[in-house]
Amino acid sequence: MSLINDFIKFNLNETTRKSIAEYLWIGGAGMDLRSKARTLPEPVTDPAKLPLWNFDGSSTDQAPGDDSEVILRPQAIFRDPFRGGSNILVMCDTYTPAGDPIPTNKRFSADKIFNHPDVAAEEPWFGIEQEYTLLQKDTKWPLGWPVGGFPGPQGPYYCGVGADKSFGRDIVDAHYKACLYAGINISGINGEVMPAQWEFQVGPATGISAGDQLWVARYILERITEIAGVVLSFDPKPIPGDWNGAGAHTNYSTKPMRNDGGIDVIRKAIEKLGLRHEQHIAAYGEGNDRRLTGRHETADINSFSWGVANRGASIRVGRDTEKAGKGYFEDRRPASNMDPYVVTSMIAETTILWKP
């Protein structure tokens with residue numbers, strides 16, 4: 001392994017102008033990140049200057065076998081924390097050879113919403129709290145839990161320290177630093193209420209970049225857990241019973257919300273979200289009904305509520321926002337396996353474009 005690591009650490013800039021671009025895309029299942037690499041003749045920093053590429057869509061459930069070519073269109077570039085140097089990660093979306101977005105390309109529709117003049121004028125900011133669970137590879141049971149058994153009840157694990165409270169911190173810290181290196185605006189990490197469950201936060205990010213950054217942060221985490229021999233789960237309720245689920249709380253504000261008097265704009269936005277509660281729930285992740293039960297810091301999936309500092313509500317407004325009379329709010333409904341392109345654009349569409 002030491003010899004392999006020596007090769008991995010080669011600094012290509014010392015011998016060639018060529019660089020490696022890892023093209024990333026979302027597969028047909030909606031949460032299955034895929035990637036493959038190609039050599040570039042020289043370093044590239046503008047996605048518009050990268051070549052289109054293609055893949056076998058019949059192997060990712062995105063095209064039939066008799067017409068399997070799907071086109072990858074580069075959309076955002078990040079530094080590659082695994083190869084270093086001038087090598088890059090490239091977030092792509094997916095099209096037919098004729099240039100039409102394929103059904104699983106959720107970025108395309110989201111980008112149209114964020115490019116709408118009325119939305120762009122409001123400068124929507126997002127901060128996404130991505131929760132996830134680390135599982136033992138062979139048993140698919142949470143990391144640090146006794147095989148087939150359970151640790152002590154919840155209480156000491158949230159932001160906990162110690163070998164009997166914190167499981168997987170080396171993975172979490174490696175991911176944190178790798179995201180910073182990549183250029184992702186990762187704003188923090190913490191241990192969660194259920195042991196072996198963690199959270200990282202991405203943002204603030206404007207418009208479509210929130211989705212790009214979260215997907216690439218997920219990809220980096222998948223790669224790091226792959227190296228560590230640990231399974232990464234985005235299941236919104238990985239362990240049934242008296243254990244917290246995993247969400248992707250989405251913090252949101254617009255320019256009018258951040259300005260003086262913004263609390264009134266926030267209230268109107270929350271009212272509109274309540275009127276479209278069922279549509280949002282349908283788009284907020286698979287298996288969310290197992291998580292949104294009205295227990296474990298969630299609101300019941302069938303009802304809409306909001307409150308100040310209330311983690312049992314659908315929408316939480318922070319004390320600081322209430323006191324300042326301006327700021328942001330948190331949509332606590334999205335599941336950990338939500339698509340950030342879908343969730344962020346839907347929040348913007350409902351609160352800015354939709355007319356009740």
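**Entry 1: the GS beta-grasp span**

I began with the record: UniProt, in an unreviewed entry, lists residues 19-99 as "domain: GS beta-grasp". I am working with a predicted model, so every value in these notes is computed from that. Over residues 19-99, I get 0% helix and 48% strand. The C-alpha atoms at the two ends of this span are 27 Å apart.

**Entry 2: the five-stranded sheet**

In what order do the strands of the open sheet run? I read it as β2-β1-β5-β4-β3, five strands with mixed pairing. The edges are β2 (33-40) and β3 (53-56), each of which pairs on one side only. I also looked up the twist: neighbouring strands are turned by 40 degrees against each other on average, ignoring direction.

Then I went through the pairs. β1 and β2 are antiparallel, with eight bridges. For a landmark in this pair I noted I20, which stands opposite T39 in β2. The two strands make a hairpin with six residues between them. In its turn I found G30 with a positive phi of about 95 degrees.

Next came β4 (residues 69-79) and β5 (residues 88-95), antiparallel as well, over eight bridges. Here my landmark is I77, which faces V90 in β5.

What lies across this sheet? I checked helix α5 (residues 208-228) and found that it lies across β1 (19-26), β2, β4 and β5. Against β5 it runs at about 115 degrees.

**Entry 3: the GS catalytic span and helix α2**

Back to the record for a moment: UniProt also lists "domain: GS catalytic" for residues 106-356, again in an unreviewed entry. This span comes out at 38% helix and 19% strand. Its end C-alpha atoms lie 24 Å apart.

Helix α2 covers residues 106-114, and I wanted to know which of its residues are buried. They are R107, A110, I113 and F114. Why do they line one face of the helix? Looking down the axis of α2, I see the buried residues fall within an arc of 120 degrees, so they share one face. The general rule is a handy reminder here: an α-helix has 3.6 residues a turn, so residues three or four places apart point the same way.

I then asked what covers these buried residues of α2. The cover includes strands β4 and β5 and helix α5, and I had already met all three of them where α5 lies across the sheet. It also includes α3 (117-122), β6 (125-136) and α10 (340-353).

**Entry 4: the β7-β8 hairpin**

Strands β7 (residues 186-191) and β8 (residues 197-206) pair in the antiparallel sense over five bridges. G188 stands opposite Q201 in β8. There are five residues between the strands of this hairpin, and A196 takes a positive phi near 80 degrees.

While in β8 I stopped at P204, which is found in that strand. Is the peptide bond from G203 to P204 cis or trans? I find it cis, with omega near 0 degrees.

**Entry 5: two more positive phi values**

As a reminder to myself, most residues other than glycine have a negative phi, and most peptide bonds are trans. With that in mind I looked up two loop residues.

H296 has a phi near 55 degrees, positive although the residue is not glycine. I located H296 in the loop between α8 (277-283) and β11 (306-308). Is H296 buried or exposed? At 17% relative accessibility, H296 counts as buried, the cut-off being under 20%.

A309 has a positive phi of about 60 degrees, and A309 is not a glycine either. A309 sits in the loop between β11 and β12 (315-317). With 34% relative accessibility, A309 counts as partly exposed.

**Entry 6: the cysteines**

How many disulfides are there in the whole structure? My search finds zero. C92 is in none, and the nearest cysteine sulfur to it, that of C179, is 18 Å away. C92 is also buried, at a relative accessible area of 4%.

Why does C159 make no bond? Its closest cysteine sulfur is in C179, 18 Å away, which is too far for a bond; the cut-off I need here is 2.5 Å between sulfur atoms. C159 is partly exposed, at 43% relative accessibility.

Definitions and conventions
Residues numbered from 1 in each chain as written. Predicted model: local features only at pLDDT ≥ 70, side-chain atom pairs only at ≥ 80, totals over all residues. Heavy atoms only, no water. Buried < 20%, exposed > 50% of the residue type's maximum accessible area, 1.4 Å probe, protein only. Pairing = 2+ DSSP bridges. Helix = DSSP H or I, 4+ residues; strand = E, 2+ residues; numbered from the N terminus. Axes fitted to C-alpha atoms, helices over the stretch in contact; angles between N-to-C directions. Contact = heavy atoms within 4.5 Å. UniProt positions renumbered as here; feature names shortened; annotations may be inferred. Arc of directions from axis to C-beta.
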